[in-house]
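Here's a small set of exercises to work through with the viewer open. Try each task on your own before reading the solution.

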Amino acid sequence: MSDATPTPTATPERPQLPAQSPPVDPAETAVASDKASSGGKLSWWRGDGGDGAKRNLGLIGVLAALIVVGAVTKPDLYGDPNWVWNNVLAILQLASVVGVVTVGMTFVIIGGGIDLSVGAIVALAGVWCTTVATQSYGAGGMIFTALVVGICVGLVNGVLISYGRLVPFIATLAMLVAARGLAASISNKQTQVSSSTFINDIAARKVIGIPILVYILGAVVLAGWVVLNRTTFGRRTIAVGGNPEAARLAGINVRRHTMLLYALSGLCCGIAAIMLTSQATSAQAAMANLYELDAIAAAIIGGTLLSGGRGTIVGSLLGVIIFATITNLFAINGLSIEAQNMVKGGIIVAAVLVQQFQFKSVTRLLARNRVTTAT
């Protein structure tokens, strides 16, 4: 017998299979090749960053079309340069009050909310600042009162929505009714005349031929643009509107930020109340009627998503100017308000439909078509 123990047979090593890579979308490959061919990055115009510019250019095109319609229907008026300049100033002055309200509304909608009470807040702030007791403190007291009333009512909206967990639609609808009722109670359903020369002259005076109301609108729009695009507050607003839960996990106090958004909207309403009081040299509970609808419509056609997370101040301003131009165009042609409202409604519906059109999806679709054609 042999003492040698049998040597174990070596098990052949199994060949290592290469790790499977995830399936590659041909569209993504095509987009990547496009990026490589263009120097490693897409142009801002072709990417998502160009969407806002595309929408704004589209709105400018709508304005140009409205001007062409006016020139065709009223060639005698549009042929006079002095009349055209004065008409432009009239349109801007008409858009000034709603434009200021729309800036605040844009912030609220981008943050994922809605504010149906802005018109009522304007009325309440206007009535409160024109009471005899308030006017005894002069123009400074009137302006301070209007701003404080607007901010406080906006804070009430924000607290009810953020900490009371009320749906924004319900909370602001209730505030709409309550603020109108309080304004009617304070004014005893009467028109209150402003006796402040300083306040009344805001709408009457011009600087370098441009009404002061237009300067106020420009200042509010500029401030809103800076806050939205160049501050942490603006970035947090977009984050809260885009995904509140992700914003909360990122450390943002979503409740407090939402409350501040409604306070900002109230501040804009306070400014608008002074401007509207100056235009009418008076205030009443029925003033600023349906301003909330005009502001929401202007923000929507300006590219602000109703679901939140996206919007531009410049686009909202262009939306306000478009509606003011339509009103002016119908006025000079002697058309009815009913027809004007129907046209506005059609524009709103068209704007919402355009919002459903995703540029990125179209880019991928075109890329897939190119890959299919190549194969």
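A disulfide here is a pair of cysteine sulfur atoms within 2.5 Å. Before you start, note that this is a predicted model, where local features need pLDDT of at least 70, side-chain atom pairs count only at pLDDT 80 or more, and totals for chains, interfaces and linings use all residues. Residues are numbered from 1 along each chain as its sequence is written, and side-chain values use heavy atoms, with hydrogens and water left out.

**Exercise 1. Cysteines**

Task: find out how many disulfides the structure has, and why Cys269 is not bonded to its closest cysteine.

Solution:
- Step one, search the whole structure: zero disulfides turn up.
- Step two, take the sulfur of Cys269: the closest cysteine sulfur belongs to Cys268 and sits 7.0 Å away, so it is too far for a bond.
- Step three, check the cover. Buried means under 20% relative accessible area, exposed means over 50%, and partly exposed is in between (1.4 Å probe, protein chains only). Cys269 has 0%, so it's buried; Cys129, also at 0%, is buried because of that value.

**Exercise 2. Salt bridges**

Task: list the salt bridges, counting a side-chain nitrogen of Lys or Arg within 4 Å of a carboxyl oxygen of Asp or Glu.

Solution:
- Step one, recall the principle: side chains of opposite charge can pair when their charged atoms come close.
- Step two, count them: the structure holds two.
- Step three, look at Asp201 and Arg205, whose side chains meet with an N to O distance of 3.4 Å. Asp201 has 21% relative accessibility, so it counts as partly exposed.
- Step four, move to Glu245 and Arg248, which pair at 2.5 Å, N to O. They're three residues apart in helix α12 (residues 244–249), so about one helical turn separates them. Helices (H or I, at least four residues) and strands (E, at least two) are DSSP runs, numbered from the N terminus.
- Step five, check exposure: Glu245, at 41%, is partly exposed, and so is Arg248, at 46%.

**Exercise 3. A nonpolar patch**

Task: work out which residues make the nonpolar surface patch of about 360 Å².

Solution:
- Step one, set the rule: patches take residues with over 30% relative accessible area and no salt bridge, joining like charges within 9 Å and nonpolar side chains (Val, Leu, Ile, Met, Phe, Trp, Tyr) within 5 Å. Areas come from the Shrake-Rupley method with a 1.4 Å probe, and for residues only the protein chains shown count as cover.
- Step two, name the members: Val167, Phe169, Ile170 and Leu173.
- Step three, place Val167: you'll find this residue in the loop between α7 (138–162) and α8 (168–187). Its relative accessibility is 52%, so Val167 counts as exposed.

**Exercise 4. A histidine and its partner**

Task: which side chain makes a polar contact with the side chain of His257?

Solution:
- Step one, set the cut-off: a polar contact is a pair of N or O atoms within 3.5 Å; within protein, one must be able to donate a hydrogen and the other to accept it, and residues adjacent in sequence count only if both atoms are side-chain atoms.
- Step two, locate His257 in helix α13 (residues 254–280). At 5% relative accessibility, His257 counts as buried.
- Step three, find the partner: the side chain of Thr237, at 2.8 Å.
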